[in-house]
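Here are my comments on the model you sent, set out as numbered points. They deal with the pocket and the cavity, then with the sheet, and lastly with the aromatic pairs.

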Amino acid sequence: MPRLILVRHGQSQWNLENRFTGWWDVDLTEKGEEEARAAGRLLAEKGMLPDIAFTSFQTRAIRTLHFALEAMGRLWIPETKDWRLNERHYGGLTGLDKAETAAKHGDEQVKIWRRSFDIPPPVLEAGSEFDLARDLRYAGIAIPSTESLKDTIARVLPYYESSIVPHLRAGSTVLVSAHGNSLRALVKHLSGISDEDITSLEIPTGQPIVYELDDELKATERYYLADR
């Protein structure tokens, strides 16, 4: 039966510093590297070896994938990178310390920006420090200036249907190494979680989530592999 494995990247430097990251390219910490290796070791131990892998354009997710695959001896499998699996774009909040932002704008406002389903943060001004217009990986891509979770879902799900689903239909075990909000999009879809409830779903770093799927790609089980 097809199986989908989701892994949020290991701890990044800005996770550690409690800063809004979004599309900005931040690398893993040493702890994040070990979280990724541990995810790979766990997958190997449980015999859940992927046939194909997908990840975003962002270093923290790519390196998490590679550390995990190396730990399970599967660096050779096909992998596809696509910007549509990127983290949600945090707009003008990018790079800001979350606690300082809350002190400036109030906890309630920051909660709305972070956790509402369809209200995006303020836009990122063109030409600002974290503007990605000159980043070659996004050449020809309409880079958003901000995104809500709803916006993120609107790019993740069509990609899932067009690029990942065919491999699942063929019975493959698919590994997706991505980000908190791009993975929320997939969990919301596969588990039928409401708009309201999905915003409070926390996905920890480096912990494989396994979806057992039936022939129609309906989820029969969802669990953290560490719990089995």
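1. A pocket is taken here as an open set of grid points, at which there is protein on both sides within 12 Å along at least five of seven lines, and its lining residues are those with an atom within 4 Å of a point. The model is a predicted one, and what follows should be read in that light. On this definition the largest pocket is lined by 20 residues, and those that lie nearest its centre are Arg8, Asn15, Glu87, Lys98 and Arg114. Its volume comes to about 340 Å³.

2. As to the character of that lining, nine of the residues are charged and eight are polar, while three are nonpolar. Helix H5 (107–115) and helix H7 (180–191) each contribute at least two residues to the lining of the largest pocket, and H7 provides the largest share, which is three residues.

3. The count of cavities of 30 Å³ or more comes to one, and the volume of the largest cavity is about 40 Å³. Around this cavity are Arg88, Arg114, Arg115, Ser116, Leu149, Asn181, Arg184 and Thr199, a lining that divides into four charged, three polar and one nonpolar. Here too H5 and H7 each supply at least two residues, and Arg114 is to be found both in the lining of the cavity and among the residues nearest the centre of the largest pocket.

4. Which order do the strands take in the open sheet? The six strands are arranged as E3-E2-E4-E1-E5-E6, and their pairing is mixed. Because strand E3 (79–81) and strand E6 (219–224) stand at the edges with a single partner strand each, one side of each is left without a neighbour in the sheet. From one strand to the next the twist averages 15°.

5. At the E3 edge, strand E2 (residues 52–55) and E3 run parallel and are joined by three bridges, and within this pairing Thr80 of E3 is the bridge partner of Phe54. Helix H6 (residues 149–169) packs on the sheet, where it touches strand E1 (3–8), E2, E3, strand E4 (173–178) and strand E5 (209–213), and its direction makes about 165° with that of E2.

6. The aromatic pairs number seven. One of them is formed by Trp24 and Phe130, which meet edge-to-face, at 4.9 Å centre to centre and with 80° between the planes. Trp24 belongs to the loop between helix H1 (13–17) and helix H2 (30–45), whereas Phe130 belongs to the loop between H5 and H6, so the pair ties together parts that are 106 residues apart in sequence.

Note on methods: Residues are numbered from 1 along each chain as its sequence is written. This is a predicted model: local features need pLDDT of at least 70, side-chain atom pairs count only at pLDDT 80 or more; totals for chains, interfaces and linings use all residues. Side-chain values use heavy atoms; hydrogens and water are left out. Two strands pair if DSSP finds at least two bridges between them. Helices (H or I, at least four residues) and strands (E, at least two) are DSSP runs, numbered from the N terminus. Axes are lines fitted to C-alpha atoms, for helices over the stretch in contact, and angles run from 0 to 180 degrees between N-to-C directions. Contact means heavy atoms within 4.5 Å. On a 1 Å grid over the protein atoms alone, a cavity is a set of points where a 1.4 Å probe fits but cannot get out, and a pocket is an open set with protein on both sides within 12 Å along at least five of seven lines; lining residues have an atom within 4 Å of a point. Grid points are joined across faces, edges and corners, and a volume is the space filled by probe spheres set on the points. Ala, Val, Leu, Ile, Met, Phe, Trp, Tyr, Cys and Pro count as nonpolar, Asp, Glu, Lys and Arg as charged, and the others, Gly among them, as polar. Rings of Phe, Tyr and Trp (its six-membered ring) pair if their centres lie within 6.5 Å; planes under 30 degrees apart count as stacked, over 60 as edge-to-face and the rest as tilted.
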